[in-house]
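Please examine the sequence and the structure shown below before reading on. The paragraphs that follow lead through several of its features in turn.

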Amino acid sequence: MAAIVLAASACSSQSEPQGTRGEPVTKFALPHHDEAELAEQRAITEAMPGKIDPPDATWRATKAGAVYGEPETKPLIEMACNDGMVDVTRNVASDDGAKALFAFVGYRGILRLKVENDGAAWHGSLRSDDPMWIAVTGGPFYATVAGGGKVISPASSIASQVITGCKPEADATIKGAPVDPDETA
């Protein structure tokens, strides 16, 4: 114990270089980068939470909504609007009836969607006006579900449009919406 005290006191008794005593931060100049170089670095770091996986995957609009995946293959993720609800499918087989959370992790939030597997794919739905969709609409994200690996997606206006453009039909009630007591009377 005495050795530790002596070592600690020896460190504190060394004199500091003149001009640094009492200064909380050492000052130094950062190297200058031109604006084009800085913009390129920002674009790379803000583009997505890692490399697109798979590398040739893209978002494509469909009649029902949007799909994400490589051309000429079964989509990794499918989104469709269904009367104010966004239906999501992750095409990965699991035990029929298995339940899990399908996580969308973005820069601006995390959405955990309850899903169930039908033996061929995970399926779940969430109201289109749920604020947690910001995980998908707010920029790049990755999506993961049990046994499905991680799908890394760039920001997509196509996927965002499915969510933000999804409205209930005029004569319908969104599933899960609070019931207006005046309408039931």
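In which sense do strands β4 and β7 pair, and over how many bridges? In this predicted model, β4, which spans residues 85–90, pairs with β7 in the antiparallel sense, and the pairing comprises 6 bridges. One of the residues involved is Val-88, whose bridge partner in β7 is Gly-124.

Strand β7 also has β6 as a partner. Strand β6 covers residues 109–117 and pairs with β7 in the antiparallel sense over 2 bridges. Here Asn-117 has Trp-122 of β7 as its bridge partner. The two strands form a hairpin with 4 residues between them, and in this hairpin Gly-119 adopts a positive phi near 100 degrees.

The side chains of β7 deserve separate attention. In a regular strand, side chains alternate between the two faces of the sheet. Strand β7, residues 122–127, shows such an alternation: Trp-122, Gly-124 and Leu-126 are buried and point to one face. His-123, Ser-125 and Arg-127 point to the other face and are not buried. Trp-122 and Gly-124 thus appear again, now as buried residues.

The next feature is a covalent link. A disulfide is a covalent bond between the sulfur atoms of two cysteines. The structure contains 1 disulfide. It is formed by Cys-81 and Cys-166, with their sulfur atoms 2.1 Å apart. The link joins distant parts of the chain, as the two cysteines are 85 residues apart: Cys-81 belongs to strand β3 (residues 77–82), whereas Cys-166 lies in the loop between α4 and α5. The angle about the S-S bond is 80 degrees, and the link is right-handed. Cys-81 is partly exposed, with a relative accessible area of 34%, while Cys-166 is buried, at 1%.

Aromatic rings provide further contacts. Two rings are described by the distance of their centres and the angle of their planes. The structure has 5 aromatic pairs. In one of them, the ring centres of Trp-59 and Phe-141 are 6.5 Å apart and the planes lie at 50 degrees, so the pair is tilted. Because Trp-59 is in strand β1 (residues 58–61) and Phe-141 is in strand β8 (residues 141–144), the pair ties together parts that are 82 residues apart in sequence. Both Trp-59 and Phe-141 are buried. Ring pairs link these two residues with Tyr-68, Phe-102, Phe-104 and Trp-133 into a cluster.

A ring may also have a charged side chain over its face. Lys-150 is placed over the face of Tyr-142, 4.5 Å from the ring centre.

Definitions and conventions
Residues numbered from 1 in each chain as written. Predicted model: local features only at pLDDT ≥ 70, side-chain atom pairs only at ≥ 80, totals over all residues. Heavy atoms only, no water. Buried < 20%, exposed > 50% of the residue type's maximum accessible area, 1.4 Å probe, protein only. Pairing = 2+ DSSP bridges. Disulfide = S-S within 2.5 Å. Phe/Tyr/Trp six-rings, centres within 6.5 Å; stacked < 30°, edge-to-face > 60°. Lys NZ or Arg CZ within 6 Å of the ring centre and 35° of its normal.
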